[in-house]
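Trainee: I would like to learn how to read a model like this one. Where should we begin?

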Amino acid sequence: MTEITDTTQVPEPGGSSEGKPRRGGKRAKRGPLGRLGLFYRQIVAELRKVVWPTRHQLSTYTTVVIVFVAIMIGLVTVIDYGFTQAIKYVFG
């Protein structure tokens, strides 16, 4: 019985087959402050793409959330009161 071995080399993800990490194109190496500045510039660029709600939409969404939370508070209160009364009845 002969053993079959695979001699092909699979490159590491994110790097070249020589084990050296690839740079993303012609980008220069940045220091910590350069990377932080790039991060904040990317945040601002993404926030400019956001479609912000109008004042009317915002007030509608806020009202819906407040009403939903009030209903959930009422529901939890009623269930808690019911469990309290059941425990008082059982344990006395």
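Mentor: Begin with helix α2, residues 55-91. Its 37 residues, at 1.5 Å a residue, should span 54 Å, and the end C-alpha atoms are 53 Å apart, so the two values agree. Bear in mind that this is a predicted model.

Trainee: Which residue follows α2, and what is the sign of its phi?

Mentor: G92 follows α2, and its phi is positive, near 70°.

Trainee: How many helices and strands are there in the protein chain?

Mentor: The chain has 2 helices and 0 strands. Burial is scarce: 2% of the 92 residues count as buried. The accessible surface of the chain is about 9400 Å², and carbon and sulfur atoms account for 65% of that area.

Trainee: How many salt bridges does the count come to?

Mentor: The count comes to 1 salt bridge. E46 forms it with K49, and the closest N and O atoms are 3.2 Å apart.

Trainee: Why are E46 and K49 separated by about one helical turn?

Mentor: The general idea comes from helix geometry. An α-helix has 3.6 residues a turn, so residues three or four places apart point the same way. In this case E46 and K49 are 3 residues apart in helix α1, which means a separation of about one helical turn.

Trainee: Are the partners of the bridge buried or exposed?

Mentor: E46 is partly exposed because its relative accessible area is 46%. K49, at 60%, is exposed, since the cut-off for exposed is over 50%.

Trainee: What describes a pair of aromatic rings?

Mentor: Such a pair is described by the distance of the centres and the angle of the planes. A search of the whole structure finds 1 aromatic pair. The ring centres of F39 and Y40 are 5.6 Å apart and the planes are at 65°, so this pair is edge-to-face. Both rings belong to partly exposed residues: F39 has a relative accessible area of 46%, and Y40 has 48%.

Trainee: Which residues make the nonpolar surface patch?

Mentor: The patch, of about 840 Å², is made by L33, L36, F39, Y40, I43, L47, V50 and W52. F39 and Y40, the aromatic pair, are thus among its members. Another member is L47, which lies in helix α1, residues 32-49. L47 counts as partly exposed because its relative accessibility is 44%.

Conventions. Residues are numbered from 1 along each chain as its sequence is written. This is a predicted model: local features need pLDDT of at least 70, side-chain atom pairs count only at pLDDT 80 or more; totals for chains, interfaces and linings use all residues. Side-chain values use heavy atoms; hydrogens and water are left out. Patches are made of residues with over 30% relative accessible area and no salt bridge: like charges are joined within 9 Å, nonpolar side chains (Val, Leu, Ile, Met, Phe, Trp, Tyr) within 5 Å. Accessible areas come from the Shrake-Rupley method with a 1.4 Å probe; for residues, only the protein chains shown count as cover. A salt bridge is a side-chain nitrogen of Lys or Arg within 4 Å of a carboxyl oxygen of Asp or Glu. Helices (H or I, at least four residues) and strands (E, at least two) are DSSP runs, numbered from the N terminus. Buried means under 20% relative accessible area, exposed over 50%, partly exposed in between (1.4 Å probe, protein chains only). The expected span of a helix is 1.5 Å times one less than its number of residues. Rings of Phe, Tyr and Trp (its six-membered ring) pair if their centres lie within 6.5 Å; planes under 30 degrees apart count as stacked, over 60 as edge-to-face and the rest as tilted.
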